[in-house]
Amino acid sequence: MNADDELKQALRRNHLFADLSEEQLARILHSTQKIHLDEGAHLFEYQDEAERFFLLLQGQIKLFRITPAGTDKIVEIVSAGQTFAEAIMFMDAKAYPVAADALSTTEVVAIDNKAFMAVLRESGDTCFRLMGTMSMRLRQLLGEIDALTMQNAKLRFIHYLLGSVPPSVRGGQPVTVELEVPKAVIASRLSMQPESLSRILHQLSTAGLITVDSNTIHINDVDTLRAFENRVS
């Protein structure tokens with residue numbers, strides 16, 4: 001399989017492109033650029049002109065803003081298979097509202113906004129799928145705003161940890177969660193200091209709820225941790 005066929009399949013696996021006609025997908029492919037990033041490399045900066053959106057093929061991307069104190073505030077961690085920055089196509093100000101850096105060796109596909117907008121004008125189904133994606137992200141962001149403003153740091157981390165548990169895991173079972181990003185990145189994502197996250201991990205370990213082995217966390221009993229979450233909420 002050549003590189004063009006691999007890229008075509010990668011696009012087809014994402015719901016935004018899955019049902020495009022061959023002719024429409026060919027036009028999108030013609031507008032794409034594959035970008036390789038080393039760990040820590042910049043994809044775009046805050047307020048850069050936004051002429052493209054992206055599909056992450058492999059690796060992880062952090063979307064973030066710089067706080068007045070000069071630290072990173074992570075808005076989202078993007079995983080392979082996800083698109084990002086597509087909503088900017090519909091904004092009056094065509095500038096990225098965040099910066100984007102690679103958290104690991106990363107490969108993304110940049111898709112030209114104008115080419116994709118032309119396809120949207122021809123495909124109502126694609127428009128509705130994009131609206132669904134943006135609505136889902138809005139609900140997630142509203143949920144996170146509630147969590148950040150109404151929950152304490154320990155509860156935010158427990159919620160994050162339980163959100164990483166595979167849906168197939170039933171209550172009462174132990175489960176192992178691999179943290180895919182450094183703990184400092186998770187702390188920033190949850191609006192806490194790394195030292196606070198370290199204290200929370202120690203407290204949960206002392207309580208017998210989890211066992212921590214570097215970036216691997218063993219939840220001893222999922223139901224017990226959920227019950228603890230309900231008690232502290």
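Student: Which residues are linked in a network of salt bridges?

Tutor: Lys-8, Arg-12 and Glu-22. Keep in mind that this is a predicted model.

Student: What's the N to O distance for Glu-22 and Lys-8?

Tutor: Their side chains meet at 2.5 Å. The salt bridge joins distant parts of the chain, with Glu-22 in helix H2 and Lys-8 in helix H1 (residues 3-12). The two residues are 14 apart.

Student: And Arg-12 with Glu-22, what's the distance there?

Tutor: That salt bridge is 2.9 Å, N to O. Here too the pair links distant parts of the chain: Arg-12 sits in H1, Glu-22 in H2, ten residues apart.

Student: How do the network residues score on relative accessibility, say Glu-22?

Tutor: Glu-22 comes out at 47%, so it counts as partly exposed. Lys-8 is at 26%, which also makes it partly exposed. Arg-12 has a relative accessible area of 22% and is partly exposed. The cut-off for buried is under 20%.

Student: How many salt bridges in total?

Tutor: The count comes to six. One of them pairs Glu-23 with Arg-27, at 3.2 Å, N to O.

Student: How far apart are Glu-23 and Arg-27 along helix H2?

Tutor: Four residues, so about one helical turn separates them. In general, an α-helix has 3.6 residues a turn, so residues three or four places apart point the same way.

Student: Are those two buried or partly exposed? Start with Glu-23.

Tutor: Glu-23 is partly exposed, with a relative accessible area of 46%. Arg-27 is partly exposed as well, at 28%.

Student: Then which residues of H2 are buried?

Tutor: Gln-24, Leu-25 and Ile-28, in a helix that runs over residues 22-30.

Student: Where do they fall, seen down the axis of H2?

Tutor: Within an arc of 95°, so the buried residues line one face of the helix.

Student: Switching to pockets. What volume does the second largest pocket have?

Tutor: About 250 Å³. Its lining has 14 residues. Those nearest the centre are Thr-71, Asp-72, Ser-188, Met-192 and Gln-193.

Student: Which elements give two or more residues to that lining?

Tutor: Strand E5 (72-79) and helix H6 (183-189). H6 gives the most, with four residues.

Student: What's the split by residue type, for the lining of the second largest pocket?

Tutor: Six nonpolar, five polar and three charged.

Conventions: Residues numbered from 1 in each chain as written. Predicted model: local features only at pLDDT ≥ 70, side-chain atom pairs only at ≥ 80, totals over all residues. Heavy atoms only, no water. 1 Å grid on protein atoms, 1.4 Å probe; cavity = no way out; pocket = protein on both sides within 12 Å on 5 of 7 lines; lining within 4 Å. Points joined across faces, edges and corners; volume = space filled by probe spheres on them. Nonpolar A, V, L, I, M, F, W, Y, C, P; charged D, E, K, R; others polar. Buried < 20%, exposed > 50% of the residue type's maximum accessible area, 1.4 Å probe, protein only. Arc of directions from axis to C-beta. Salt bridge = Lys/Arg side-chain N within 4 Å of Asp/Glu carboxyl O.
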